[in-house]
Amino acid sequence: MKDIEELLKMTERPQDYSDEEIRQMMNDPEMRAYYELMVDAEAGFALKRSDTSKVVKRPACYTISHRFMKAAAIFAGILLLSGISFAAYHFTFGASSPAEQGKESPTQEVRVSNVHQEEITESSTIRTFENAELHQILHELSDFYHVGVKFHNEQSRHIRLYTKWDTAAPLKQIIERLNGFEKVSICLIDNQIIAE
Amino acid sequence: MSAQKEEIEQLYIGCHQRLLDMARVMLKDDDEAGDAVSDVFARLADGLLNLPTDHPESYLMAIVRNQCIDRVRKMTLRERIERRLSLAESDPTTIDSEQERITEMIDYAEQNFSSKTWRVFQLRFDEGLLYREIAERLGISEIAVYKHLTKALKELKEIFNPTRI
């Protein structure tokens with residue numbers, strides 16, 4: 001049996017391998033099975049991404065106070081969406097009305113555009129996410145603060161945000177700020193960021 | 001505008017994105033996926049395809065799917081490896097169950113892998129980062145990246161042993 005590590009290398013840089021080497025590797029049933037798993041893994045993520053019908057619910061851990069956005073916010077931004085979907089979003093900078101606070105958030109349909117490209121720029125302490133998907137932002141946070149990430153709602157992964165992150169700020173504070181976005185509902189429980 | 005042209009236009013508006021998404025997954029190339037979908041609509045506009053009155057969207061999905069399968073069949077082994085496309089012959093009748101299986105596989109990985117292994121797995125297969133980039137992003141060695149991926153693939157093979165080989 002050939003080595004999985006070699007297969008991993010070959011799939012990343014097939015140009016380093018001759019046709020014969022590729023053929024030999026793929027003639028090994030074990031390697032071929034692992035190769036198919038890699039193909040399936042990529043397809044699985046792509047399938048989940050391509051589900052553009054987004055239904056986002058508010059989680060139990062969400063509190064209305066999180067919806068305030070301050071001028072000195074560590075996270076500040078707007079949701080960047082295109083076309084029809086743009087109208088589906090609005091962003092609340094101030095406090096919500098008492099009537100709004102008292103009622104349960106309705107399930108809302110959100111269509112996410114894939115027209116824009118995500119761009120992440122980095123400076124010394126401020127990181128800018130341009131039209132980045134929520135899962136990308138949370139995983140950046142997860143890597144940085146060494147906590148886990150869990151999505152209870154598959155669709156919320158693909159909410160797109162324009163936002164800035166001060167890497168010097170504590171995670172709890174950042175989560176509060178992120179919850180200021182209309183469609184974002186996350187909390188930190190047992191060293192895990194939970195997104196609904 | 002004739003009734004048929006209007007119907008084609010409505011279909012284009014209603015399901016073009018879904019067809020394109022499917023073609024992207026199958027071909028792993030945005031340009032070629034766009035070509036495959038455009039070809040089908042061009043044939044439709046030229047009257048070379050007869051839209052059924054019932055479920056025309058499903059019909060278009062099947063036509064685009066077959067178009068993608070044909071394109072993949074014509075690729076060399078190297079071309080398939082470069083795009084990380086399946087080497088197995090696609091069977092249109094099992095594609096739906098295959099899709100269900102592979103999305104279940106991702107769910108399993110997310111729920112059962114350690115957070116680090118899941119993250120490495122995701123950075124590689126979801127975000128398409130190079131091993132070196134994953135190592136830099138996570139502050140681990142490239143060897144550790146291989147170890148996490150090897151562990152992930154072995155576990156998945158045990159549970160979701162691909163049947164299409």
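**Exercise 1.** In this predicted model, determine how many residues chain A and chain B each bring to their contact.

*Solution.* Chain A supplies 32 residues and chain B supplies 36 residues. On the side of chain A that touches chain B, the elements giving two or more residues are helix 1 (4-12), helix 2 (19-27), helix 3 (29-50) and helix 5 (134-145) of chain A. Helix 3 of chain A accounts for the largest share, 18 residues. Sorted by class, this side of chain A holds 16 nonpolar, six polar and 10 charged residues.

**Exercise 2.** Identify the residues with the most contacts inside the largest nonpolar core.

*Solution.* The core in question has 46 residues, and those with the most contacts inside it are A:Leu7, A:Tyr34, B:Ala23, B:Ala36, B:Val64 and B:Leu149. Its largest share, nine residues, is drawn from helix 3 of chain A. Next, take B:Ala23: neighbours within four places in sequence aside, B:Ala23 touches B:Ala33, B:Ala36, B:Val37, B:Val64 and B:Cys68. A second, separate core of 19 residues includes A:Phe129, A:Val149, A:Ile175 and A:Ile194.

**Exercise 3.** Establish the strand order of the open sheet in chain A and find its edge strands.

*Solution.* The three strands follow the order 5-8-7, with mixed pairing. Strand 5 (148-151) and strand 7 (186-189) of chain A each pair on one side only, and these are the edge strands. On average, neighbouring strands are turned by 25 degrees against each other, direction ignored. Strand 5 and strand 8 (residues 192-195) of chain A run parallel and are joined by four bridges; A:Val149 has A:Ile193 as its bridge partner in strand 8 of chain A. Finally, helix 6 (residues 171-178) of chain A lies across strand 7 and strand 8 of chain A, at about 155 degrees to strand 7.

Technical notes
Residues numbered from 1 in each chain as written. Chains lettered and ligands numbered in written order. Predicted model: local features only at pLDDT ≥ 70, side-chain atom pairs only at ≥ 80, totals over all residues. Contact = placed C-beta atoms within 7 Å. Nonpolar A, V, L, I, M, F, W, Y, C, P; charged D, E, K, R; others polar. Core = buried A, V, L, I, M, F, W, Y, C linked by C-beta atoms within 7 Å. Buried ≥ 20, exposed ≤ 12 C-beta atoms within 10 Å, placed from the backbone. Pairing = 2+ DSSP bridges. Axes fitted to C-alpha atoms, helices over the stretch in contact; angles between N-to-C directions.
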